[in-house]
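Please open the structure in your viewer and keep the sequence beside it, since this tour moves from one selection to the next.

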Amino acid sequence: MKILLITGKLAEPLVRHAAQTAPPTYTCKVLVLPVAVAAFLHPKFVASRLRNRALGKHDLILLPGMTSGDTTLVKDATGIPAFKGPRHAVDLPFILRAIDRNLSLLSTTEPADHILQEHLQARATSDLITAETSPLPHPPPPRTLRIGSGRRTLMSGSTYPIRVIAEITDAPIRSDEELIHKARRFAASGATVIDVGMIANAPDSKAARHTVQVVRQAVQVPISIDSSDPKEIAAGIKAGASLVLSLDQSNMAKIPKSLRSRAAFVLVPATQAGQQLPSNTDERLQLMEANLRTAHELGYTHLIADLLCDSLITPGLTPAIHAYARFTDRHPTIPLLMGIGNVTELLDADSPGVNAVLAGIASELGVTFMLTAEVSDKTRGSVWELHRAAQMMFLTRSRQSSPKDLGLDLLLLKTKRFTEIPYQPADDEVITEATPGESPPVLLDPSGFLTFHIDRQQQRLIARHYPTPKAKTPDIILAARTARQLLAVIIEHGLISRLDHAGYVGSELVKAEIALKIGRPYTQGQPLFTSSYPCK
């Protein structure tokens, strides 16, 4: 197939590179029209330039995706089908490979990368919905487990994505309002079980009952209780918990027999809570298998194994991964839980990538449940990240592919392709560079001054206007979802009268919007990032 690629002067090097890397089934020719920015190549202008021009034989024409209008005008002028390519020239090789398999991804009005992404997202959504709604095969696959009942029923196993359990830590010392807020936020973030974390060595069965009841009333997902105290566990089950973390040698015989079949129980390789784990993989497996035999003898019918993950390096995560792998081989029907808080909380690295890798490892091991928490500020958002990672790994496993180009991703700060057009100064270009040093002071605007804030509850930006420096309360408070929207409203209300003030307001609002999107703290007048990548 012969394709004519239309572009402007700035994007020419990228488009020519894309033409050279096109699939072998394509022959691509690049035509550069006398416009610097490709987005300004309106189909009407392109049609006028191509009409009556000797183009040679081509099967289709691709215009830049950012151009406005309908490319049918180009087809009418040339007799060759014309479509919109991607918005960014760097995406051309990816799009060419995609349309090699499916020409329906091309449109005369929508950029090709938009359509492709929508296609991938729709397929991912459909695959996930199918997994959740399809009837279980008979007999069910190994490790299939039902938790809860009625509207709170949760199915788990290899035919579903890994189920995410989100822990509300130190639940007894939190107010009901905080419990409700956290439970609802975690459920909205994708948690399929909300875990009520009790306080170690401070047993309180009344608090266990109350917190489970409060959380259970707040969300429509199964509730678990995280405790090693038999009385707290019993109180939690009676209050509606359908999962218990955790059983060990010291407590499994003390839980009333009548409750042992009313919930699923997570079993750990420990003699008692808080005891140091065996560092030797063989010893850890032996202890887990001994606890498993005892639990079965005591009448526990729904058991989940947790080999317990340690932090990286000290004492090390590898022994736990080895233990999971060996246990999986020896007990292929026992569901597995992996708690990753020791890894994410004790690692100073951005959590999205950490959660993605851990979910991938868990998926390879056949893990059914993953437990996480958001204790420190750096792990805020981990529930959603782990939920998204679990979906990605499920799609990867079911499609027998790699975890990329799935329609879902965890690329929050980086991008798959660097779409920026490289800066290439002209030979005669004169550049005036600002002198390094402190920025000039911003003079007080006669229209007053503004303070900026983030309302994370409502996911919006806030601007408070004070008419004079002595004003103690704002005379107007404005809110918007984006920096552009809020700046427009500020200008509309006449709250800016100086150009330097307008520049300052614009830069602060963009910082605040980025901070809102990525969960980074915003402080007016301070840099959003204190370090940058050393690579160029």
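The stops below take in a helix, then the nonpolar cores, then a single residue.

This is a predicted model, in which local features need pLDDT of at least 70 and side-chain atom pairs count only at pLDDT 80 or more, while totals for chains, interfaces and linings use all residues. Residues are numbered from 1 along each chain as its sequence is written, and side-chain values use heavy atoms, with hydrogens and water left out.

Begin by selecting residues 281-297, which form helix 9 (helices are DSSP runs of H or I, at least four residues, and strands are runs of E, at least two, numbered from the N terminus). Just before it, Asn 280 caps the N-terminal end, with a side-chain oxygen 2.8 Å from the backbone nitrogen of Asp 282, and after the helix comes Gly 299, whose phi is positive, near 95°. Among the buried residues of helix 9 are Leu 285, Met 288 and Leu 292 (buried means under 20% relative accessible area, with a 1.4 Å probe and protein chains only), and their cover includes strand 11, strand 12 and helix 10.

Next, select Phe 327, which is in contact with Leu 285, Met 288 and Leu 292, among others (contact means heavy atoms within 4.5 Å). Phe 327 is also one of the residues that touch the most other members of the largest nonpolar core, which has 77 residues (such a core is a set of buried Ala, Val, Leu, Ile, Met, Phe, Trp, Tyr and Cys residues joined through side-chain atoms within 4.5 Å). The largest share of this core, eight residues, comes from helix 13.

Finally, select Thr 396 in helix 13: is Thr 396 buried or exposed? Its relative accessibility is 10%, so Thr 396 counts as buried.

Notes. Buried < 20%, exposed > 50% of the residue type's maximum accessible area, 1.4 Å probe, protein only. Expected span 1.5 Å × (residues − 1). Polar contact = N/O pair within 3.5 Å; in protein donor to acceptor, adjacent residues only side chain to side chain. Lists of a residue's contacts leave out its neighbours within four places in sequence.
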